[in-house]
Amino acid sequence: MPGVKAYTLREKSKADLEAQLVELKQELASLRAQKARGASATNLVRMHTVRKSIARVLTIINQQQRAQLRLFYKGKKYIPLDLRVKKTRAQRRQLTKHQKSLKTEKEKKKSIAFPQRKYALKA
Amino acid sequence: MAPKSKTTEKAVAAKKAVVKGIHGKKVTKIRTSTTFHRPKTLRLPRSPKYQRKSIPHAPRLDQYKVIIGPHSNESTMKKLEESNTIVFTVDIKANKRHIKDAFKSLYNVDVAKVTTLITPTGSKKAYIRLTSENDVLDVANRVGFI
C-alpha cells in the first residue's frame with residue numbers, strides 16, 4: 001500500500017485528520033515492534049511510507065490551520081509574527097513604498113512650477 | 001469683625017505672599033528606619049495585543065514518541081517470566097511518569113513501577129513492571145514482543 005495521498009486528505013475535517021494521525025502512529029509503533037523481532041523486507045519498506053504519511057497529515061493539518069488563521073487576522077492591525085511577511089530583517093526595516101514617495105510641500109510646488117520639459121529637434 | 005469683602009481678602013493674601021513667600025510648605029516624609037527599601041509599585045499581568053506564535057505546538061513528547069519499541073534479549077525474556085516486567089526502549093527525554101502514562105494509555109494495563117537507565121549507546125531503556133493482576137505474557141503478545 002502506497003500510503004495516503006494529499007489531495008484526499010485535504011477534503012477531510014480536522015477531527016478526521018487527527019484520527020488518521022493516531023491510526024498511522026499506531027501502525028508505526030506496531031511496525032517498530034515487528035522490526036525488533038526481526039521483520040521482513042516489505043515491513044521495513046512500509047515503515048518509510050508510514051513515516052512520510054504521518055508527515056503529510058501533519059503538514060495538511062498545519063496548512064489548514066494557518067489558512068484559517070490568516071482569514072481571521074485579515075485586516076487586523078496586529079498579526080502573529082509567523083504570519084507576517086518574512087523577507088529579510090533589513091528589508092522589513094526599510095521605508096515602505098509610500099513613505100519613499102512622500103515629498104515636501106516645497107518639492108511638490110517646484111515640480112508643478114518647473115516640470116521636466118521635453119524638447120524635440122526639428123529634422 | 002467686619003464682614004470680609006473681596007478687596008480685603010485680596011489685600012490679606014497679598015500681604016501673606018510678601019511676608020511668607022509664594023512657595024508652599026515643603027512636606028518631607030518621616031523616615032522611621034535607616035535602610036531604604038524599594039517601594040512596591042503596581043505590577044500588571046501581561047495582556048498581549050496579539051499572540052506571538054499563531055499556532056501553539058501540539059505536545060512534542062506524546063505517548064507515541066515516548067515509547068519507541070520493545071527491547072528483547074535473553075535477560076529481558078527472563079525478566080518477563082520471573083518478575084512480571086517488560087523492557088522497552090524509550091525516548092531519552094521521557095521521565096518515569098511519562099513512560100508510565102504512555103504505557104497505560106497505549107496498552108491499557110496498570111503499571112506498578114518503572115525503572116530507567118541510559119545505555120552506553122545513548123538510548124533509554126525502561127524496565128516496566130506491571131501490577132500482579134496483569135498478565136505480562138498477554139501484554140507482550142499484544143505488543144509484538146514475542
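Visitor: When do two aromatic rings count as a pair here?
Guide: Rings of Phe, Tyr and Trp pair if their centres lie within 6.5 Å. Keep in mind that we're looking at a predicted model. With that rule, a search of the whole structure turns up, over all chains, five aromatic pairs.

Visitor: Which residues form one aromatic cluster?
Guide: Let's start with one pair in chain B: the ring centres of Phe88(B) and Tyr107(B) are 6.1 Å apart, with planes at 40 degrees, so this pair is tilted. Phe88(B) sits in strand E2 and Tyr107(B) in helix H4, so the pair ties together parts 19 residues apart in sequence. Add one more ring and you have the cluster: Phe88(B), Phe103(B) and Tyr107(B).

Visitor: How are the planes of Phe72(A) and Tyr73(A) arranged, stacked or edge-to-face?
Guide: Planes under 30 degrees apart count as stacked, and those over 60 as edge-to-face. For Phe72(A) and Tyr73(A), the centres are 4.9 Å apart and the planes stand at 75 degrees, so the answer is edge-to-face.

Visitor: What area do chain A and chain B bury between them?
Guide: The contact takes 19 residues from chain A and 15 residues from chain B. Carbon and sulfur atoms carry 61% of the buried area, and the total is about 1500 Å².

Visitor: Which side chains meet in a salt bridge?
Guide: Between chain A and chain B, the count is one salt bridge. One partner, Lys25(A), is also among the three residues that supply 30% of the area chain A buries against chain B. The N to O distance is 2.8 Å, and the side chains are those of Lys25(A) and Asp62(B).

Technical notes: Residues are numbered from 1 along each chain as its sequence is written. Chains are lettered from A and ligands numbered from 1 in the order in which they are written. This is a predicted model: local features need pLDDT of at least 70, side-chain atom pairs count only at pLDDT 80 or more; totals for chains, interfaces and linings use all residues. Side-chain values use heavy atoms; hydrogens and water are left out. Rings of Phe, Tyr and Trp (its six-membered ring) pair if their centres lie within 6.5 Å; planes under 30 degrees apart count as stacked, over 60 as edge-to-face and the rest as tilted. Helices (H or I, at least four residues) and strands (E, at least two) are DSSP runs, numbered from the N terminus. Contact means heavy atoms within 4.5 Å. Buried area is the accessible area (1.4 Å probe) that two parts lose on being put together, summed over both. A salt bridge is a side-chain nitrogen of Lys or Arg within 4 Å of a carboxyl oxygen of Asp or Glu.
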